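Work through the exercises below with the sequence and coordinates open. Try each task before reading its solution.

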Amino acid sequence: MAVGPARCIRRVVYDAYDIRVWYPSPYPLESTEDVSTLHVCAGCFRYVESLALLHRHRRVCRHRHPPGRKVYQRGAHTIWKVDGALQKLYVQNLCLFGKLFIDHKTVCFDVEPFVCYLVTDASSQFDHVLGFFSKEKISYDHYNLACIVIFPPFQRKGYGTLLMEYSYYLSRGEGIAGTPERPLSALGIRGYVAFWTTRVLRTLQNAFDPGNLSARRIRAILAGVSDLPEPPTRKRKISQRGWAGELVDDAITPESNLPDVTLPKSTTLARIAAASDMRVEDTTLALAYADLLVESDGVFFLVRAAIDAAVKRLRMKPPILDEAYVL
Ligand SMILES: [Zn+2]
């Protein structure tokens with residue numbers, strides 16, 4: 001199969017959208033002619049070179065949702081896990097499509113070592129894929145994400161944040177402070193700085209909150225208490241559904257067993273990072289972005305008023321991922 005003039009793809013028809021392409025993608029097109037508009041099936045991501053071929057394909061395509069397992073579902077929105085080794089062609093086609101909107105090098109063919117997490121929005125008969133992130137099954141650098149893309153018609157609606165939050169949820173389950181693989185795209189850097197800043201500010205605000213159970217863990221970490229029990233995860237709760245399938249809150253969570261230590265007067269960047277489930281360098285960047293690294297004689301001062309002011313200035317939003325809906 002000859003590699004066709006992928007550079008010439010200018011538009012792509014996907015689902016109900018005709019989208020301008022941002023970057024080249026190595027689509028192995030059979031046609032020797034220029035293909036300025038590519039047609040991509042919203043069910044299986046197969047690509048064809050004309051609308052007539054797409055209509056013909058859609059009549060026989062059986063994909064109504066991604067070929068994987070649901071890992072999160074809240075209302076019409078679902079996150080699916082698709083294994084690159086089990087669904088090689090699907091993931092290759094998904095990555096080729098995603099590459100149209102990512103400016104750096106990304107894997108499109110050697111997909112077996114990766115899993116993809118896709119976010120979908122359901123209509124009556126169909127789960128529409130809005131974007132995804134890929135993750136190496138084994139990452140020696142503990143990257144929690146290889147690349148992330150939300151397709152242009154669905155950007156700026158919080159789906160990227162949802163996927164980033166989910167990638168950090170996975171890292172927490174692995175007991176490791178994760179971080180996305182570098183280099184990040186320009187869009188990725190902007191998204192991550194906002195995400196990290198929100199995460200650190202939320203942690204610091206929580207630390208001051210006396211009535212909040214998760215605040216106990218944060219204060220204990222900031223105070224340097226070691227041997228904390230593992231944070232609660234949804235997995236532990238699965239076996240505890242009530243008779244009607246509703247979730248039953250643990251009567252005794254690991255958090256309620258934690259000593260309620262007072263907020264320490266001094267702490268370290270490493271502890272702030274640990275309390276936020278983040279890397280130290282990402283935490284430092286977030287604190288700098290929030291203008292909270294105010295130094296005096298080699299000591300940084302974090303005061304509540306400055307944290308609250310940063311939250312207001314940056315118009316920080318509450319988290320989108322609700323762990324009660326993790327499957
Ligand atoms: Zn299809």
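The exercises go from the overall make-up to single residues, and the model they use is predicted.

**Exercise 1. Overall make-up**

Task: State how many helices and strands the protein has, and what share of its residues count as buried.

Solution:
- Step 1. Count the elements. The protein has nine helices and 13 strands.
- Step 2. Turn to burial. Of the 327 residues, 32% count as buried.
- Step 3. Look at contact range. Take the contacts with a separation of 6 or more: residues 24 or more positions apart account for 58% of them.

**Exercise 2. The five-stranded sheet**

Task: Give the strand order of the open sheet of five strands, and find which strands stand at its edges.

Solution:
- Step 1. Write the order. It reads β5-β6-β7-β8-β10, with antiparallel pairing.
- Step 2. Find the edges. β5 (69–74) and β10 (147–150) each have a single partner strand, so one side of each lacks a neighbour in the sheet.
- Step 3. Add the twist. From one strand to the next, the average is 20 degrees.
- Step 4. Inspect one pair. β8 (residues 127–136) and β10 run antiparallel and are joined by four bridges. Phe132 has Val149 in β10 as its bridge partner.
- Step 5. Place the helices. Helix α2 (residues 88–99) lies across β6 (77–83), β7 (114–122), β8 and β10, at about 75 degrees to β7. Helix α3 (residues 159–174) also packs on the sheet, touching β5, β6, β7, β8 and β10. The direction of α3 makes about 40 degrees with that of β8.

**Exercise 3. The largest nonpolar core**

Task: Identify which residues of the largest nonpolar core touch the most other members, and which helix gives the most to this core.

Solution:
- Step 1. Recall the background. Nonpolar side chains tend to be buried together in soluble globular proteins.
- Step 2. Rank the members. The core holds 70 residues, and Cys116, Tyr117, Leu118, Phe132 and Leu163 touch the most others.
- Step 3. Find the main helix. Helix α4 (residues 186–207) gives the most, with seven residues.
- Step 4. Zoom in on Leu118. Beyond four places in sequence, Leu118 touches Pro66, Ile79, Trp80, Val82, Val129 and Phe132.

**Exercise 4. Two crossing helices**

Task: Classify how α4 and α8 are oriented to each other.

Solution:
- Step 1. Take the geometry. The axes of α4 and helix α8 (residues 280–289) come within 8 Å and cross at roughly 85 degrees.
- Step 2. Apply the cut-off. Angles of 65 to 115 degrees count as roughly perpendicular. α4 and α8 are therefore roughly perpendicular to each other.
- Step 3. List the contacts. Val193, Trp196, Thr197 and Val200 in α4 meet residues of α8, including Asp282, Leu285 and Tyr289.

**Exercise 5. An annotated residue**

Task: Decide whether Glu181 is buried, partly exposed or exposed.

Solution:
- Step 1. Locate the residue. Glu181 is found in the loop between β11 (179–180) and α4.
- Step 2. Check the record. An unreviewed UniProt entry carries the annotation "active site" at Glu181.
- Step 3. Count. Glu181 has 19 other C-beta atoms within 10 Å. Buried needs 20 or more and exposed needs 12 or fewer, so Glu181 is partly exposed.
- Step 4. List its contacts. Leaving aside neighbours within four places in sequence, Glu181 is in contact with Tyr143, Leu145 and Ala146.

**Exercise 6. Strand β3 and its partners**

Task: Determine in which sense β3 pairs with β1 and with β4.

Solution:
- Step 1. Take β1 (residues 11–14). Four bridges join β1 to β3 (residues 37–40), and the two run parallel. Tyr14 has Val40 as its bridge partner.
- Step 2. Take β4 (residues 47–48). β3 and β4 pair in the antiparallel sense over two bridges. His39 has Val48 as its bridge partner.
- Step 3. Check the hairpin of β3 and β4. Six residues lie between the strands, and Phe45 takes a positive phi near 65 degrees.

Conventions. Residues are numbered from 1 along each chain as its sequence is written. This is a predicted model: local features need pLDDT of at least 70, side-chain atom pairs count only at pLDDT 80 or more; totals for chains, interfaces and linings use all residues. A nonpolar core is a set of buried Ala, Val, Leu, Ile, Met, Phe, Trp, Tyr and Cys residues joined through C-beta atoms within 7 Å. Two residues are in contact if their C-beta atoms, placed from the backbone, lie within 7 Å. Two strands pair if DSSP finds at least two bridges between them. Axes are lines fitted to C-alpha atoms, for helices over the stretch in contact, and angles run from 0 to 180 degrees between N-to-C directions. UniProt positions are given in the numbering used here, feature names are shortened, and annotations may be inferred rather than shown by experiment. Angles under 35 degrees count as roughly parallel, over 145 as roughly antiparallel, 65 to 115 as roughly perpendicular and the rest as oblique.
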